[in-house]
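My notebook is open and I'm going to poke around in a protein model today. I'll jot down what I look up as I go.

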Amino acid sequence: MPPELTGVAVLAVHNVAVHRLLPAPADAVVNLATAVGIAGFARRVGCSAGDLGIRPDDAASGLRLGLAAAAVAGGCVALGAAVPGTRRFFHDRRVSDVGRGEAAYHVAVRIPFSTALAEELLFRGALLALFRRRHSRTTAVLCTSLLFGASHVLPTLDHYHGNPASALIDDAARGRRLAVLATTMSTTAAGAAFAWLRLRSRSLLAPVLAHAAINVSAYLAGRRIALGRRTAAP
């Protein structure tokens, strides 16, 4: 089996395991373990540290581009949370129905490490490097971006009713299909943008910072909006 297909097969098993079999926080640990494992497999079949985006000499360029991208991403999220027409989409039960301690864990540990770092090492590091060994850069970016989008299908289904978007469509089955389509398309596009950051800077640090900034700022915006609603409630 070609190495890139081996990586895809492991990814498929991993995706089902973390979203259907493992409780939190075990799923977070497995996220990191799988990413490190596939990265180790990529090194074993011939991918260099540069291929994976983890060469120390490239860290400075990754940091510069990553901080710039993180600032832009955080600003866009803040704008979306401030505009009345889009503010409601930040009200998610996964964000509003947790205590301060759990929220701090998500912001400081889970999002930056078991989500941003793990997913970037897996998709823009290991899988991108494996695909580039036998395919063009464009094909590698397209395949890994589509895989990134597909990996969000199960969590979208799991948390559909906790998201305010579920109230937009009366037919739950149709709503789920549209939610999956919208999420897959948006995360595929995000995956392509992260891949561009990775290849432009030659470092995995750039997409890790941008990815973490998007998720952390969205989480904090959701918390702030939920707190504002509770304060305003009679």
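These are my entries, and I'm keeping in mind that the model is predicted.

**Entry 1: two single residues**

I started with Ser-217, which sits in helix α11, residues 205-232. Is Ser-217 buried or exposed? Its relative accessibility is 17%, and because the cut-off for buried is under 20%, Ser-217 counts as buried. I then checked what Ser-217 touches beyond residues up to four places away in sequence, and found Gly-74 and Val-77.

Next I clicked on Leu-117, in helix α7, which covers residues 100-134. Leu-117 has 32% relative accessibility, so I wrote it down as partly exposed. Skipping residues up to four places away in sequence, Leu-117 touches Leu-32, Pro-112 and Val-208. I also looked up Asn-31: its C-alpha atom is 9.5 Å from that of Leu-117, though the two residues are 86 apart along the chain.

**Entry 2: the nonpolar cores**

Before this one I copied a general note: in soluble globular proteins, nonpolar side chains tend to be buried together. Then I went to the largest nonpolar core here, which has 30 residues. Which members touch the most other members? They turned out to be Leu-122, Phe-123 and Leu-127. The elements giving two or more residues to this core are α2 (26-44), α7, α8 (137-150), α10 (172-201) and α11. The most comes from α7, with 10 residues.

I zoomed in on Leu-122 and left aside its neighbours within four places in sequence. Leu-122 is in contact with Leu-11, Ala-35, Ile-38 and Leu-127. Apart from the largest core lies another one, of 6 residues, and I spotted Val-98, Ala-103, Ile-111 and Val-216 among them.

**Entry 3: α1 against α2**

How do helix α1 (residues 3-21) and α2 pack? I got an angle of about 175°, with the axes 11 Å apart. Angles over 145 degrees count as roughly antiparallel, so that is what I call α1 relative to α2.

For the contact itself, I listed Pro-3, Thr-6, Gly-7, Val-10, His-14 and Val-18 on the α1 side. On the α2 side I have Asp-27, Val-30, Asn-31, Thr-34, Ile-38 and Phe-41. Sorted by kind, the residues of this contact are 6 nonpolar, 5 polar and 1 charged. Asn-31 is the residue I looked up with Leu-117, and Ile-38 is one I saw touching Leu-122.

**Entry 4: salt bridges**

How many salt bridges are there? The count comes to 7. I followed one network of them, which links Arg-55, Asp-57, Asp-58 and Arg-202.

Arg-55 and Asp-57 meet through their side chains at 4.0 Å, N to O. Arg-55 is partly exposed at 37% relative accessible area, while Asp-57 is exposed at 60%. Arg-55 also bridges to Asp-58, with the closest N and O atoms 3.0 Å apart. Asp-58 has just 4% relative accessibility, so it counts as buried.

Asp-58 has a salt bridge with Arg-202 too, and there the closest N and O atoms are 3.2 Å apart. Why does this pair tie together parts that are 144 residues apart in sequence? It does so because Arg-202 lies in the loop between α10 and α11, while Asp-58 lies in the loop between α3 (49-52) and α4 (59-82). Last check of the day: Arg-202 is partly exposed, with a relative accessible area of 43%.

Methods
Residues are numbered from 1 along each chain as its sequence is written. This is a predicted model: local features need pLDDT of at least 70, side-chain atom pairs count only at pLDDT 80 or more; totals for chains, interfaces and linings use all residues. Side-chain values use heavy atoms; hydrogens and water are left out. Helices (H or I, at least four residues) and strands (E, at least two) are DSSP runs, numbered from the N terminus. Buried means under 20% relative accessible area, exposed over 50%, partly exposed in between (1.4 Å probe, protein chains only). Contact means heavy atoms within 4.5 Å. A nonpolar core is a set of buried Ala, Val, Leu, Ile, Met, Phe, Trp, Tyr and Cys residues joined through side-chain atoms within 4.5 Å. Axes are lines fitted to C-alpha atoms, for helices over the stretch in contact, and angles run from 0 to 180 degrees between N-to-C directions. Angles under 35 degrees count as roughly parallel, over 145 as roughly antiparallel, 65 to 115 as roughly perpendicular and the rest as oblique. Ala, Val, Leu, Ile, Met, Phe, Trp, Tyr, Cys and Pro count as nonpolar, Asp, Glu, Lys and Arg as charged, and the others, Gly among them, as polar.
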